[in-house]
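Biologist: Please take one part of this model and describe it closely, following its neighbours outward. Kindly state the cut-offs behind each term.

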Amino acid sequence: MAKLLWCLLITISFSQAFGHEDMSKQAFVFPGVSATAYVSLEAESKKPLEAFTVCLYAHADVSRSFSIFSYATKTSFNEILLFWTRGQGFSIAVGGPEILFSASEIPEVPTHICATWESATGIVELWLDGKPRVRKSLQKGYIVGTNASIILGQEQDSYGGGFDANQSLVGDIGDVNMWDFVLSPEQINAVYVGRVFSPNVLNWRALKYETHGDVLIKPQLWPLTDCCES
């Protein structure tokens with residue numbers, strides 16, 4: 001009986017950590033500087049990417065640099081990286097090389113961020129609160145690898161690890177969605193106001209995740225929306 005109960009507890013714990021969960025109106029909260037607090041996500045799609053769009057909300061301590069979204073493979077730890085460097089701006093990395101979108105500061109309020117890239121042209125786009133920055137080019141012809149380790153709250157300097165507390169996010173992150181294609185400007189603006197266009201890599205409304213260390217789940221602080229999925 002004791003052995004059966006132990007197996008049942010393990011099964012329940014596993015389903016809570018890795019089962020699909022609707023995270024609508026919720027956010028992951030990272031309350032302090034740490035090298036051990038992070039959230040690992042599992043992608044719905046395992047295929048290589050010739051394009052992507054990542055959208056999310058971040059509400060962070062803007063007095064320091066921090067990682068926003070880290071997607072590592074065993075051949076490239078910065079396969080996809082979205083990072084804020086204080087005094088410089090947002091950088092987007094694809095397959096290692098990165099490009100900077102200069103910004104002296106970001107608002108001390110929740111900010112909606114979308115990053116897109118496509119292999120065919122190398123075009124990278126960064127959208128902040130529904131407004132685009134100037135397009136740039138990076139890694140034309142590259143293919144993003146598969147079997148990724150996807151981490152929120154830390155930058156990966158090795159596959160699934162190598163965290164540095166000085167690069168950790170202090171604050172909230174949520175509404176994380178990812179597609180294997182580039183959303184149109186109209187779609188990005190619709191996502192900004194609350195609509196979701198069937199995310200097929202990461203879906204906040206059916207998220208497969210596991211929290212590690214001091215990470216909390218709390219109601220989101222940005223505007224609540226009830227728009228339906230398309």
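Modeller: The account below starts from one strand and moves outward to a loop, a helix and a disulfide.

The model is predicted: local features require pLDDT of at least 70 and side-chain atom pairs count only at pLDDT 80 or more, whereas totals for chains, interfaces and linings use all residues. Residues are numbered from 1 along each chain as its sequence is written, and side-chain values use heavy atoms, with hydrogens and water left out.

The starting point is strand β13, residues 149–152; strands (E, at least two residues) and helices (H or I, at least four) are DSSP runs numbered from the N terminus. Strand β13 is covered on both faces, with Ser149 and Ile151 buried on one side and Ile150 and Leu152 buried on the other. Buried means under 20% relative accessible area, exposed over 50% and partly exposed in between, with a 1.4 Å probe and protein chains only. Strand β3 (residues 38–41) runs antiparallel to β13 and is joined to it by three bridges, with Ser40 partnering Ile151. Strand β5 (residues 66–72) also pairs with β13, in the antiparallel sense and over three bridges; here Ala72 stands opposite Ser149. Pairing requires that DSSP find at least two bridges between the strands.

The loop between β13 and β14 (171–179) holds Ser168. Because its relative accessible area is 1%, Ser168 is buried. Its contacts, defined as heavy atoms within 4.5 Å, include Phe66, Gly153 and Gln154, not counting residues up to four places away in sequence. The Ser168 side chain also reaches the backbone oxygen of Ala165 at 2.7 Å.

Strand β14 is in turn among the elements that cover the buried residues of helix α2, as are β4 (51–60), β9 (111–118) and β10 (123–128). In α2 (residues 185–192), those buried residues are Ile188, Ala190 and Val191. Seen down the helix axis, they fall within an arc of 160 degrees and so line one face; the arc is that of the directions from the axis to the C-beta atoms. Just after α2, Gly194 adopts a positive phi of about 120 degrees.

Strands β4 and β9 bring the description to the disulfide. A search of the whole structure finds one disulfide, a pair of cysteine sulfur atoms within 2.5 Å. It is formed by Cys55 and Cys114, with sulfur atoms 2.0 Å apart. The pair links distant parts of the chain, with Cys55 in β4 and Cys114 in β9, 59 residues apart. Because the torsion about the S-S bond of Cys55 and Cys114 is about 115 degrees, the disulfide is right-handed. Cys55 is buried at a relative accessible area of 1%, and Cys114 counts as buried at 1%.

Definitions and conventions. A polar contact is a pair of N or O atoms within 3.5 Å; within protein, one must be able to donate a hydrogen and the other to accept it, and residues adjacent in sequence count only if both atoms are side-chain atoms.
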